[in-house]
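Visitor: Hey, I've got this one open in the viewer. Can you walk me through it?
Guide: Sure, let's have a look together.

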Amino acid sequence: MSGTSAILLGALLGAMMGFDLGGPVNKVAYAFATAGLATAGAASDSPQLKIMAAVMAAGMVAPLAMALSTTLRPQLFSEPERENGKAAWLLGFSFISEGAIPFAAADPVRIIASSVVGSSICGALAMAFGLGIRAPHGGIWVLPIMGSITQILLFLVALAVGVAVMATIVIFLKSRDRRLAEVD
């Protein structure tokens, strides 16, 4: 698996991770990635490790993007959402997608649509960069397991791009709603 097919798989897995934020579709992508780890072997460039890296990075996008959105444009969010945004930093960095559920529950169309786009881009980039990780969970706390500083930096680039894309879409969509501009 390489080239365009790997990037498309990364985008699909990323979209699945961003779709229901810990729900059944997210869990299918995660189970696919973790099941592959058992057969990865010793090779550091096996496709199974690349799939796990794409899934983990994409699963971190939604909570981090919501945390960033509430930080950059707090007036677009209610007080409880701003508080949830603070917690979403730690949840996102720990690869706990459920940190974005309160936002998706309050505004499903805008949040889920933007989550699918940002997570898909992140997953595609992770595969394009050829990232691989053996840890099935842990977020940024397990990045040293990746083995090289180059991979860690590229993982962070893929994650940052996905988060920036999602946060930009969320802020844009919420800014278009005049009622949200009046939230205190």
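Visitor: Let's start with a side chain. Which residues is Phe-155 in contact with, leaving aside its neighbours within four places in sequence?
Guide: On that count, Phe-155 is in contact with Ala-53, Met-56, Ala-57, Met-60, Leu-131, Leu-143 and Met-146. Keep in mind that this is a predicted model.

Visitor: OK. How many residues does the largest nonpolar core have?
Guide: The largest nonpolar core has 50 residues. Phe-155 is among those with the most contacts inside it, along with Val-55, Met-66, Ile-133 and Met-166.

Visitor: Which helices supply at least two residues each?
Guide: That would be α1 (3-19), α2, α3, α5 (101-106), α6 and α7 (149-175). The largest share comes from α3, with 15 residues of this core. As a general point, nonpolar side chains tend to be buried together in soluble globular proteins.

Visitor: Then let's stay with α3. At what angle does it cross α6?
Guide: Roughly 145°, with the axes of α3 (residues 47-72) and α6 (residues 108-128) coming within 8 Å. The crossing is right-handed.

Visitor: Which residues make the contact?
Guide: From α3 you have Lys-50, Ile-51, Ala-53, Ala-54, Ala-57, Ala-58, Val-61, Ala-62 and Met-66. On the α6 side the contact uses Ile-111, Ser-115, Gly-118, Ser-119, Cys-122, Gly-123, Ala-126 and Met-127. Split by type, the residues of this contact are 12 nonpolar, four polar and one charged.

Visitor: Switching to charges. How many salt bridges are there?
Guide: The count comes to six salt bridges. One of them joins the side chains of Arg-110 and Asp-107, at 2.7 Å from N to O. Arg-110 also meets Asp-177 in a salt bridge, at 3.3 Å.

Visitor: Where do Arg-110 and Asp-177 sit in the chain?
Guide: Arg-110 is in helix α6 and Asp-177 is in the loop between α7 and α8 (178-181). They are 67 residues apart, and the pair links distant parts of the chain.

Visitor: Is Asp-177 buried or exposed?
Guide: Asp-177 is buried, since its relative accessible area is 10%, under the 20% cut-off. Asp-107 also comes out at 10% relative accessibility and counts as buried.

Visitor: Which residues are joined into one network there?
Guide: Asp-107, Arg-110, Lys-174 and Asp-177, through salt bridges that share partners.

Visitor: And what about Lys-86, which residue does its side chain meet in a salt bridge?
Guide: Glu-83, at 3.0 Å from N to O. The two are three residues apart in helix α4 (residues 79-93), so about one helical turn separates them. Lys-86 is exposed at 55% relative accessible area, and Glu-83 is partly exposed at 40%.

Visitor: Trp-89 caught my eye too. Which helix is it found in?
Guide: Trp-89 is found in helix α4. With 30% relative accessibility, Trp-89 counts as partly exposed. Not counting residues up to four places away in sequence, Trp-89 touches Leu-64, Ala-67, Leu-68 and Thr-71.

Visitor: New topic: backbone. What is the phi of Leu-21?
Guide: About 50°, a positive value although Leu-21 is not a glycine. For context, most residues other than glycine have a negative phi. Leu-21 sits in the loop between α1 and α2. Its relative accessibility of 2% puts Leu-21 in the buried class.

Visitor: And where does Phe-95 lie?
Guide: Phe-95 is in the loop between α4 and α5. Its phi is near 65°, also a positive value in a residue other than glycine. Phe-95 is buried, with 5% relative accessible area.

Visitor: Back to Leu-21 for a second. I see Asn-26 there; what is Asn-26 in contact with, leaving aside its neighbours within four places in sequence?
Guide: Leu-21 is one of its contacts, and the others are Met-16, Met-17, Asp-20 and Ser-97. Asn-26 itself is in helix α2 (residues 24-37), and it counts as buried at 3% relative accessibility.

Visitor: Last one, Leu-153. Which helix does it lie in?
Guide: Leu-153 lies in helix α7 and counts as partly exposed, at 49% relative accessibility. Leu-153 and Leu-143 are 10 residues apart in sequence, with 9.6 Å between their C-alpha atoms.

Note on methods: Residues are numbered from 1 along each chain as its sequence is written. This is a predicted model: local features need pLDDT of at least 70, side-chain atom pairs count only at pLDDT 80 or more; totals for chains, interfaces and linings use all residues. Side-chain values use heavy atoms; hydrogens and water are left out. Axes are lines fitted to C-alpha atoms, for helices over the stretch in contact, and angles run from 0 to 180 degrees between N-to-C directions. Helices (H or I, at least four residues) and strands (E, at least two) are DSSP runs, numbered from the N terminus. A crossing is left-handed if the near helix is turned anticlockwise from the far one by less than a right angle, and right-handed if clockwise. Contact means heavy atoms within 4.5 Å. Ala, Val, Leu, Ile, Met, Phe, Trp, Tyr, Cys and Pro count as nonpolar, Asp, Glu, Lys and Arg as charged, and the others, Gly among them, as polar. Buried means under 20% relative accessible area, exposed over 50%, partly exposed in between (1.4 Å probe, protein chains only). A nonpolar core is a set of buried Ala, Val, Leu, Ile, Met, Phe, Trp, Tyr and Cys residues joined through side-chain atoms within 4.5 Å. A salt bridge is a side-chain nitrogen of Lys or Arg within 4 Å of a carboxyl oxygen of Asp or Glu.
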